[in-house]
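Here are my notes on this one, as numbered points. Have the coordinates open while you read.

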Amino acid sequence: MDAPFNADEMKTSVNSIITYVLNGASTKLPIKERDIMQTIDKKGKLFTAALQTVKEILKETYGILMVAVPESKGGKCYICFSEDCGKSLIMLDEKQKSQLTLLFIILSFIFMRTTTSIPSISEAHLQNFLKALHIDFDVPHEYFGSNIRKLITDTFVKQLYLKREKSNSDLETEIKYINRRSRKLVLFKKQLLFFRFCYSWGYRAHQEFDKKCLLLATAQVMKKPAKTFRTKYIEVCKDEEDAC
């Protein structure tokens with residue numbers, strides 16, 4: 001049998017990981033496992049055991065869940081979020097609250113507009129929706145800040161609230177020209193390939209946001225019963241049944 005880990009070494013490793021994770025969690029960026037290893041200079045069974053202990057302490061002491069991000073690129077990584085999002089709102093400053101408000105608006109729009117067959121919305125669609133609310137990608141906003149484009153296309157994406165993916169599409173267009181010999185107008189159709197960016201919910205959004213709350217909030221704004229949005233109402237009810 002392998003000798004048990006040295007108690008002092010384990011305690012030091014656990015404390016170091018907790019410090020690193022709590023410092024990194026405030027940015028909401030994914031925490032890479034290899035970066036944790038490099039920071040405490042430990043790996044193997046000791047690191048695995050220490051990391052598991054850290055997860056338990058974070059949950060029991062701080063009310064923070066540390067979960068692995070599935071299919072993460074560039075190696076295994078984790079995100080941290082509060083078990084009680086309501087209480088965590090109290091700790092936010094005004095800038096963070098404004099960003100969360102914008103995020104809530106965007107996630108609600110994506111949720112209400114997407115379906116199983118259409119799982120994302122185009123960037124142009126999102127821009128038009130926000131413009132109707134007087135929120136422009138490239139115009140400073142009194143409440144949401146000076147760089148909304150970066151916040152949506154970069155910050156929220158890196159924090160895994162939004163998934164921004166490039167989508168290729170075909171565009172059929174008519175081209176007209178005059179034939180030099182016959183002097184006649186010639187029409188022909190041509191397929192043009194172009195790409196656009198599309199948005200959907202990121203992994204963190206699925207962990208932190210309750211779709212039922214988003215649906216109820218949307219229904220309240222629209223001054224309609226939640227059951228009016230039948231497809232989404234059924235989806236929310238099904239998710240609740242699956243969670244039981």
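1. Let's start with what lines the second largest pocket: its residues split into 8 nonpolar, 4 polar and 6 charged. For that split, Ala, Val, Leu, Ile, Met, Phe, Trp, Tyr, Cys and Pro count as nonpolar, Asp, Glu, Lys and Arg as charged, and the others, Gly among them, as polar. The lining comes to 18 residues, and E71, S72, K73, L160 and K163 are the ones that lie nearest the centre.

2. Some ground rules before going on. This is a predicted model, where local features need pLDDT of at least 70 and side-chain atom pairs count only at pLDDT 80 or more, while totals for chains, interfaces and linings use all residues. Residues are numbered from 1 along each chain as its sequence is written, and side-chain values use heavy atoms, with hydrogens and water left out.

3. How much space lies in the second largest pocket? About 600 Å³. A pocket here is an open set of points on a 1 Å grid over the protein atoms alone, where a 1.4 Å probe fits, with protein on both sides within 12 Å along at least five of seven lines; lining residues have an atom within 4 Å of a point. Points are joined across faces, edges and corners, and the volume is the space filled by probe spheres set on them.

4. Which elements give two or more residues to that lining? They are β5 (162-178) and α8 (203-208), and β5 gives the most, with 4 residues. Helices (H or I, at least four residues) and strands (E, at least two) are DSSP runs, numbered from the N terminus. Domain 1 (7-82) and domain 2 (92-209) both contribute lining residues, so the pocket lies between them. Those domain bounds come from an automatic or database domain assignment.

5. Two of the residues named around the pocket centre deserve a look at their backbone. E71 sits in the loop between β2 (64-68) and β3 (77-82), and its phi is near 55°, a positive value in a residue other than glycine. E71 is also exposed, with a relative accessible area of 80%; the bins are buried under 20%, exposed over 50% and partly exposed in between (1.4 Å probe, protein chains only). L160, in the loop between α7 and β5, has a positive phi too, near 70°.

6. Just before L160 comes α7. In this helix (residues 148-158), the buried residues are I148, L151, I152, T153 and F156. Seen down the axis of α7, they fall within an arc of 165°, so they line one face of the helix. The arc is taken over the directions from the helix axis to the C-beta atoms. As a reminder, an α-helix has 3.6 residues a turn, so residues three or four places apart point the same way.

7. Is K232 buried or exposed? This lysine, in helix α10 (residues 230-243), counts as buried at 7% relative accessibility. A polar atom of the K232 side chain lies 2.7 Å from the backbone oxygen of T114.

8. Lastly, some C-alpha pairs to check on screen. I17, in helix α1 (residues 7-25), is buried at 0% relative accessibility; I17 and T39 are 22 residues apart in sequence and 8.2 Å apart in space. L46 belongs to helix α3 (residues 44-62) and counts as buried at 9%, with its C-alpha 9.3 Å from that of N6, 40 residues away along the chain. V67, in strand β2, is partly exposed at 22%, and V67 and K55 are 12 residues apart in sequence and 8.4 Å apart in space.

How values were computed. Polar contact = N/O pair within 3.5 Å; in protein donor to acceptor, adjacent residues only side chain to side chain.
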